[in-house]
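Colleague: I have a model open and want to learn how to read its surfaces. Where do we start?

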Protein chains: 2
Amino acid sequence: MDFSIGELARRTQVKVPTIRYYEQIGLLAPPPRTEGQQRRYDKKGIARLAFIRHARELGFNIEAIRALLSLQDNPDQSCSVADRIASARLAEVEERIASLSALRTELERMIEECACGRVAECCVIETLADNSHRNGRLAES
Amino acid sequence: MDFSIGELARRTQVKVPTIRYYEQIGLLAPPPRTEGQQRRYDKKGIARLAFIRHARELGFNIEAIRALLSLQDNPDQSCSVADRIASARLAEVEERIASLSALRTELERMIEECACGRVAECCVIETLADNSHRNGRLAES
DNA sequence: CCTAGTCCCTATAGTGACTAAAGGTTCAAG
DNA sequence: CTTGAACCTTTAGTCACTATAGGGACTAGG
């Protein structure tokens, strides 16, 4: 009925050091320990970590997850807060997709135009060296 | 005809500490200095940094940029290396777009289904808590 | 020549979300 | 009781910067 950290890791697909890291930053409550100071988890611990993992898969950052967990712990609150967090994340994802799509277009053009001879006439290098580019922001990935 | 680091920063839209960082990691050659040890750049320095900035905008990492710069310095080589680097980046971008699109779909479903009453029946929280999710990898943003 | 103010210098530490490694302890099976 | 896997803590490393502290250099005006 209670699991070691390795068992928890196996069941949630979250790595052992990551679990300890989550505890360290206060995302997971410190579980009870054996006499030899080893952590023991129960089913609740699994559910908690699975929640966190799923939220991370959706790209929520740690602070957002902290907020979502505290909502889960207080089920009488309005869920508009959860809605706002999820909507903010959705907006981020959409913006990211838009910016990556623009990147894709530029990369495709760059690669396609390249005659692929010497570097001297390589469009890839030329495009990068072209200092007529003045479009603001750096890519975030 | 020669610029201070601040002037270079203004002309390339790259921040001053970032320029020093690029020098530190060997992406930019150390420029000559004044008697008082202040860096002085010329037009070549601008071109070099503009190249780097554009490459970063396209999401190339530092190692890729290092390779692209060395190609630019040896224009007699075949440009297939440049092509390979750019294609690899394009593949990354496409993979990323695909994974973010899947995320968007899930987030949209989550938000749309939510009746937005109490957290107790909130679909957002419910979806996250649902441990029937077993789909492998974490989102990278 | 002096001063004020802006720019520049180095070195170090912090960001987010982990991951790796070192060096030691505990647990479960046989 | 012994073996070996799993556990423990602490510290440092990842990437590409960004921020801060504590000082020195340069330029324009008086």
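Modeller: Start with the DNA. This is a predicted model. Sort the residues near the strand by class: the surface near DNA strand C has six charged, ten polar and six nonpolar residues.

Colleague: How many residues surround DNA strand C, and which are the closest?

Modeller: A residue counts as near if its C-beta atom, placed from the backbone, lies within 6 Å. Here 22 residues surround the strand. The closest are G36(A) and N61(A), with S4(B), G6(B) and R39(B) from the other chain.

Colleague: Which helices supply at least two residues each of that surface?

Modeller: Chain A brings helix 2 (16–24). Chain B brings helix 1 (5–12) and helix 2 (16–24).

Colleague: Now the protein contact. How many residues does each chain put in?

Modeller: Count each side separately. Chain A gives 54 residues and chain B gives 54 residues. On the side of chain A, helix 5 gives the most, with 20 residues. By class, that side has 30 nonpolar, 13 polar and eleven charged residues.

Colleague: Why do the copies meet through the same surface?

Modeller: Compare the two lists. 100% of the interface residues of chain A are also interface residues in chain B, so the surface is the same.

Colleague: What turn and shift lay chain A on chain B?

Modeller: Superpose the copies and read off the operation. The turn is 180°, the shift along the axis is 0.0 Å, and the RMSD is 0.1 Å. That is how a two-fold axis relates copies.

Colleague: Which C-alpha of chain A is nearest the axis?

Modeller: That of I97(A), at 2.9 Å.

Key
Residues are numbered from 1 along each chain as its sequence is written. Chains are lettered from A and ligands numbered from 1 in the order in which they are written. This is a predicted model: local features need pLDDT of at least 70, side-chain atom pairs count only at pLDDT 80 or more; totals for chains, interfaces and linings use all residues. Two residues are in contact if their C-beta atoms, placed from the backbone, lie within 7 Å. Helices (H or I, at least four residues) and strands (E, at least two) are DSSP runs, numbered from the N terminus. Ala, Val, Leu, Ile, Met, Phe, Trp, Tyr, Cys and Pro count as nonpolar, Asp, Glu, Lys and Arg as charged, and the others, Gly among them, as polar. Copies are superposed by least squares on the C-alpha atoms of residues with pLDDT of at least 70 in both.
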